[in-house]
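Open the model in your viewer and colour it by chain. We will go stop by stop, selecting as we go.

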Amino acid sequence: MEKDILFRDSAGVETDILELNMGPQHPATHGVLRIKLWLDGETVVKARVMPGYLHRGTEKIAEQKTFHQVIPYTDRLDYLAPLTNNLAYVMAVEKLLGLEVPERAKYIRTLLAELTRIESHLVWYASHAMDLGAWTAWFYGFREREKIYDLLEILTGQRMNNTYLRVGGVAADLNHEFITGLTDFIASFRTKALPELHLMLTDNIIWKKRTQGVGLLTREDVLALSATGPVARGSGLDHDMRRDEPYLVYDRLSFRVPVYTEGDSYARYLVRMDEMEESAKMVEQCLAQLPRGPVLADEAKVIPPPKDRVYDSIENLIHHFRIVSEGFPVPEGEAFVTIEAPKGELGFYIVSDGSPRPYRLHIRASTFINLQTLEKMAVGGLIADVITLIGTLDVVLGEVDR
Amino acid sequence: MDEILRVLKERFGASVIDIYERLGETTVIIKPEALKEVMLYLRDSCGFEMLTDLTAVDWLGKREPRFEVVYHLHSYSRNLRLRVKSPTDGTVDSVVDIWPGAGFMERETWEMFGIDFRGNPELTHILLWDGFPGWPLRKDFNWREDVPLPDNR
């Protein structure tokens, strides 16, 4: 902004524009996000988002790794929803391979994708509320998230960065402890925890005053700025990939796509709260419909033999060693797969030249692109509302910076 | 979709290099000179309201010209997706005035590949720091040696 622009305030005093750096070390930026603000008093005149403090070069690293070795790197993009990152990536590889995934694995993937959505939205709920001063809500959100992490630990062995999905299926079948734990959790989440979360904020007058009318985005803005996910649905864009371009088993589940037309932070809040309810329903349906069968595709070229057979047969040992050390070749071609991740449309664009390593891997990171809307939403608002905007966009810097 | 491709061929016949469908994804390859015109037409007359993604691929030593800029478009009204590619030596027209959302994506593609987006008012570093030497996602960028340590600012 030009330095020579001078403003006159209401008393007629000449004032100057103040340039302020918000972040990179700021408690409300959920990581290391820097926003440069130009302020006239407390009003934002212009905002510039400057991400990149967590850039690790995932796209370049992926070119040096075999297709299987890339999976753990995808966990670390949106680290609050690692399983959906795995999902988008393995779906893109499977598309290139033309590999069909067994039914049971599809159900498990759908179930985990929805569980991850609840988990991700709970962190958003807790941290968004805390940013705006509602400390109590933080504890309630994190208490529920903790239960999901305990369940994921039972299933995958890790709380975060699960790396549970494999090309061709999932790493292991569901176990009894996980299923009973999940059934109990979903029941108590729907009947007890979610109403509690609503009770704290939905009709809270302070919450409404901080979020209603703040960060307005029209449907046209959303289309022009490529925003997706809850941000788009809060502005009246009635599109959800799970319903409109169904993948996995979403066409067999019944659910509602919440859409609000107000386009403010409160509308986006309601979209995410409704999505948690719908996701819980979907998890229940997946558990009820769960078919029997294998959880990994029967494709010896891609999937190594089970570990217990590796120990007592030389052929299986060689087979396992070759797939693990050399990887598997993927046919020449390109694939772009996007899924409805908790924070928006997460896409992987993979170009293969026929070798066991991706020739080019590009990540269409939902929050990176959604973050552009902040530059628009902040203008004309108060500096205190910038905190609301970061929360309402649900940014995760691991995914923004990749 | 067939209708859109037919009209596209009719209208921009000389600029369309190739159209094909593989793995259920439709790709149109356009000469870079006509890119902006075609994109504007796709948005206004074919209903591709959103630019979902923009990136590039470096085909060093494999193809001429060296780069391919890849656009993924999405039409909500028709529930369609389209991939548009444009081979280039390093300069294409910016689509930021057609879709303002291309801003971050073009900045990222510029800093990673060194592709100049003509008409983009601010091609500055976004994920890397100002003054980063080289273009990291190019195939001739040696990631073991060419990555400098940032000076502590």
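How many residues of chain A are in contact with chain B, and how many of chain B with chain A? Select both sides: 29 residues of chain A meet 26 residues of chain B. This is a predicted model, with ipTM 0.90 and pTM 0.89.

**Stop 1: the chain A side**

Stay on chain A. Pick out the elements that give two or more residues to the side touching chain B: α1 (58-62), α8 (219-224), β8 (333-341), β9 (344-352), β10 (360-364) and α14 (366-370). Highlight β9(A), which gives the most, with 4 residues. Now colour this side of chain A by residue type. It splits into 11 nonpolar, 9 polar and 9 charged residues.

**Stop 2: β4 of chain B**

Move to chain B. Its mean pLDDT is 86, and 97% of its residues reach 70 or more. Select strand β4, residues 67-75. Here 8 of the 9 residues are buried, so the strand is largely enclosed by the rest of the structure.

**Stop 3: the partners of β4(B)**

Add strand β3 of chain B, residues 50-58. β3(B) runs antiparallel to β4(B), and 8 bridges join them. Zoom in on Leu54(B); its bridge partner in β4(B) is Tyr71(B).

Next, add strand β5 of chain B, residues 80-88. β5(B) also pairs with β4(B) in the antiparallel sense, over 9 bridges. Find Glu68(B): opposite it in β5(B) is Pro87(B).

**Last stop: the turn**

Follow β4(B) into β5(B). The two strands form a hairpin, with 4 residues between them. Click Asn79(B) in the turn: its phi is positive, about 55°.

Key
Residues numbered from 1 in each chain as written. Chains lettered and ligands numbered in written order. Predicted model: local features only at pLDDT ≥ 70, side-chain atom pairs only at ≥ 80, totals over all residues. Contact = placed C-beta atoms within 7 Å. Nonpolar A, V, L, I, M, F, W, Y, C, P; charged D, E, K, R; others polar. pLDDT = per-residue confidence, 0-100. Buried ≥ 20, exposed ≤ 12 C-beta atoms within 10 Å, placed from the backbone. Pairing = 2+ DSSP bridges.
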